[in-house]
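Welcome, and please open your viewer. We will take a walk from one selection to the next, with a short note at each stop.

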Amino acid sequence: MDTKESVAKHRELVAEGWVRRFTAEEPRLSEAVESYRMIGLEVRVEPGALGEEQECRTCLTAPGFQDKYGTIYTRGSQESASDMVDDLFD
């Protein structure tokens, strides 16, 4: 996916209420997905490095490596997430 496609997909997801969290590879990708789900957020993983950032993307887009990364987006009630955190200290 080229930069223009990446930015367009990111903007589409944001318009649908998704919040971009970060881009990672396994095993961190699956660990983060599980953590976000545990706090009650809906999770979506998009292949590749999506977003509007302009920093160096050489590693994320290099042939043979671009398929290793996923970008995590979440949406859902921040109330449910913050309630779980509060429950830890009750």
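The tour below goes from the whole chain to the sheet, then to the helices, and ends inside the core.

**Stop 1: the whole chain**

Start with a cartoon view of everything, and keep in mind that this is a predicted model. You should find four helices and three strands. Trace them from the N terminus and the elements run α-β-α-β-α-β-α. Of the 90 residues in the protein, 30% are buried. If you take the contacts between residues at least 6 apart in sequence, 76% of them join residues at least 24 apart.

**Stop 2: the sheet**

Now select residues 19-25, 42-47 and 69-75. The first range is strand S1 and the second is strand S2, while the third is strand S3. Together these three strands form an open, antiparallel sheet, in the order S1-S3-S2. S1 and S2 stand at the edges with a single partner strand each, so one side of each has no neighbour in the sheet. Turn the view to look along the sheet: on average, neighbouring strands are turned by 25° against each other, ignoring direction.

Zoom in on the pair S1 and S3, which is held in the antiparallel sense over six bridges. Which residue of S3 is the bridge partner of Glu-25? Select Tyr-69, and you have that partner.

**Stop 3: two helices on the sheet**

Add residues 3-15, which are helix H1; this helix packs on the sheet and touches S1, S2 and S3. The direction of H1 makes about 170° with that of S2. Next add residues 28-38, helix H2, which also packs on the sheet and touches S1, S2 and S3. Here the angle to note is the one with S1, about 150°.

**Stop 4: around helix H1**

Stay with H1 and try a distance between its end C-alpha atoms. They are 18 Å apart, which agrees with the 18 Å that its 13 residues should span at 1.5 Å a residue.

Then show the side chains of Ser-6, Val-7, Lys-9, His-10 and Leu-13, the buried residues of H1. Looking down the helix axis, you will see these buried residues fall within an arc of 165°, so they line one face of H1. They pack against S1, S2 and S3. On the other side of H1, select Lys-4, Arg-11 and Ala-15, which are exposed. Just after the helix comes Gly-17, with a positive phi of about 95°.

**Stop 5: Phe-22**

Move to Phe-22, which you will find in strand S1. Is Phe-22 buried, partly exposed or exposed? Its relative accessible area is 30%, so Phe-22 counts as partly exposed. Beyond its neighbours within four places in sequence, Phe-22 is in contact with Ala-32, Tyr-36, Gly-70, Thr-71 and Ile-72. Pick Gly-51 too: it lies 29 residues from Phe-22 along the chain, and their C-alpha atoms are separated by 9.1 Å.

**Stop 6: the nonpolar core**

For the last stop, select Ala-24, Leu-29, Ala-32, Val-33, Tyr-36, Leu-41, Val-43 and Ile-72. These eight residues make up the largest nonpolar core. Which element gives the most to this core? Helix H2 does, with four residues.

Finish on Tyr-36, one of the core residues. Leaving aside neighbours within four places in sequence, Tyr-36 is in contact with Arg-21, Phe-22, Leu-41, Val-43, Ile-72 and Thr-74.

Conventions: Residues are numbered from 1 along each chain as its sequence is written. This is a predicted model: local features need pLDDT of at least 70, side-chain atom pairs count only at pLDDT 80 or more; totals for chains, interfaces and linings use all residues. Side-chain values use heavy atoms; hydrogens and water are left out. Two strands pair if DSSP finds at least two bridges between them. Helices (H or I, at least four residues) and strands (E, at least two) are DSSP runs, numbered from the N terminus. Axes are lines fitted to C-alpha atoms, for helices over the stretch in contact, and angles run from 0 to 180 degrees between N-to-C directions. Contact means heavy atoms within 4.5 Å. The expected span of a helix is 1.5 Å times one less than its number of residues. Buried means under 20% relative accessible area, exposed over 50%, partly exposed in between (1.4 Å probe, protein chains only). The arc is that of the directions from the helix axis to the C-beta atoms. A nonpolar core is a set of buried Ala, Val, Leu, Ile, Met, Phe, Trp, Tyr and Cys residues joined through side-chain atoms within 4.5 Å.
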